[in-house]
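Let's take a walk through a protein together, one step at a time. Keep the sequence and the 3D view at hand as you read.

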Amino acid sequence: MNISELNTISKSAASWTAEQILLWAARRFAPKAVLTCSFGGGGIVLAHMLSRLQCRVPVLFLDTGYHFEETLRFKEEFARRFGLQVITQQPALTVREQDEQYGPRLFERDPDLCCHMRKVEPMAAALRFLDATCWIAALRRDQSPTRRGVDVIEHHQMADGRTVVKVHPLAHWTREDVQRYIHRHRLPRHPLSDRGYTSIGCWPCTSPALSADERSGRWPGTGKAECGLHTFTTKTPSPDRPATDAAPNGR
Ligand code: SF4
């Protein structure tokens with residue numbers, strides 16, 4: 001998809017519903033579209049929409065080796081119930097191998113390196129082996145200051161020269177919109193969400209929310225806000241928006 005086509009669509013998509021955006025992405029990029037999902041709030045909304053709209057888009061789950069047991073069980077149950085095609089992608093090193101090579105508890109000493117090896121590299125590898133040209137994710141502008149610049153449709157470049165169109169059908173949704181959708185469709189919820197966890201990642205780096213900020217329980221007390229998953233690609237500035245305004249979005 002060239003930039004000019006993307007900009008035209010992007011303007012129209014600003015008034016589309018999340019379902020319309022998802023359908024467009026599934027049809028436009030099939031079979032090279034993929035949804036990343038860690039089975040938290042927004043991810044299950046999009047996974048459920050894929051199922052409801054009968055879109056044959058695989059769900060990519062990055063299994064860092066540090067997920068809560070609750071997450072792994074919930075993923076299995078949710079995927080079975082809604083007939084999702086889940087692709088599980090693992091890092092090159094097991095947790096034990098990483099401990100042997102880098103020392104134990106790398107997540108405490110160098111969380112950026114840990115995230116890079118356990119999330120970013122596996123994601124880049126998955127995009128390559130799936131030959132994906134479209135990456136759908138549940139980023140929302142209201143999630144954190146690092147995500148305020150998220151657009152519904154974005155063109156991104158990767159370090160190896162490949163490009164990918166990132167699609168964020170929930171960019172304009174609020175946390176309340178997500179909760180409303182889950183309630184309306186009677187979706188099961190991640191078991192930890194009833195215990196104060198408003199954003200759920202790896203167990204060593206996730207606590208219940210510390211404030212109204214949805215992501216305040218991620219890497220608490222470290223100043224780290226993003227794992228790098230949504231910042232390792234470079235967003236192509238829109239001609240309508242100066243490069244300085246095209247803030248990196250993140251996860
Ligand atoms: Fe490692 Fe923590 Fe990043 Fe998970 S969130 S990959 S445990 S640093």
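How many nonpolar, polar and charged residues are there in the shell around the ligand? Sorted by class, the shell holds 8 nonpolar residues, no polar ones and 1 charged residue. Keep in mind as you look that this is a predicted model.

You can find these neighbours by name: Tyr66, Phe107, Pro111, Cys114, Cys115, Arg118, Cys202, Cys205 and Trp219 surround the ligand. Arg is one of the residue types that count as charged, while Tyr, Phe, Pro, Cys and Trp count as nonpolar. Now look for helix H7, which spans residues 111-129. With 4 residues, helix H7 gives the most to the shell around the ligand. As for the space itself, the ligand sits in the second largest cavity.

Let's turn from the ligand to charged side chains. Side chains of opposite charge can pair when their charged atoms come close. In this model, the count comes to 18 salt bridges.

Start with Lys235, which forms a salt bridge with Glu154; their closest N and O atoms are 3.1 Å apart. This pair links distant parts of the chain, with Lys235 in strand E7 (residues 234-235) and Glu154 in strand E5 (residues 153-157), 81 residues apart. Are these two partners buried or exposed? Both Lys235 and Glu154 are buried.

Next, find Glu214 and Arg175, whose side chains meet in a salt bridge at 3.8 Å, N to O. Glu214 lies in the loop between helix H8 (175-184) and E7, and Arg175 lies in helix H8, so this pair ties together parts that are 39 residues apart in sequence. Why does Glu214 count as buried? Glu214 is buried because its relative accessible area is 8%, and buried means under 20%. Its partner Arg175 has 26% relative accessibility, so Arg175 counts as partly exposed.

Salt bridges can also share partners: Lys32, Asp131, Asp160 and Arg162 are joined into one network in this way. Within this group, the side chains of Asp160 and Arg162 meet in a salt bridge of 4.0 Å, N to O. How does the solvent see these two? Asp160 has 44% relative accessibility, so Asp160 counts as partly exposed. Arg162 is partly exposed as well, with a relative accessible area of 22%.

How values were computed. Residues are numbered from 1 along each chain as its sequence is written. This is a predicted model: local features need pLDDT of at least 70, side-chain atom pairs count only at pLDDT 80 or more; totals for chains, interfaces and linings use all residues. Side-chain values use heavy atoms; hydrogens and water are left out. A residue is near a molecule or strand if one of its heavy atoms lies within 4 Å of it. On a 1 Å grid over the protein atoms alone, a cavity is a set of points where a 1.4 Å probe fits but cannot get out, and a pocket is an open set with protein on both sides within 12 Å along at least five of seven lines; lining residues have an atom within 4 Å of a point. A molecule sits in a cavity or pocket if more than half of its atoms lie within 2 Å of its grid points. Helices (H or I, at least four residues) and strands (E, at least two) are DSSP runs, numbered from the N terminus. Buried means under 20% relative accessible area, exposed over 50%, partly exposed in between (1.4 Å probe, protein chains only).
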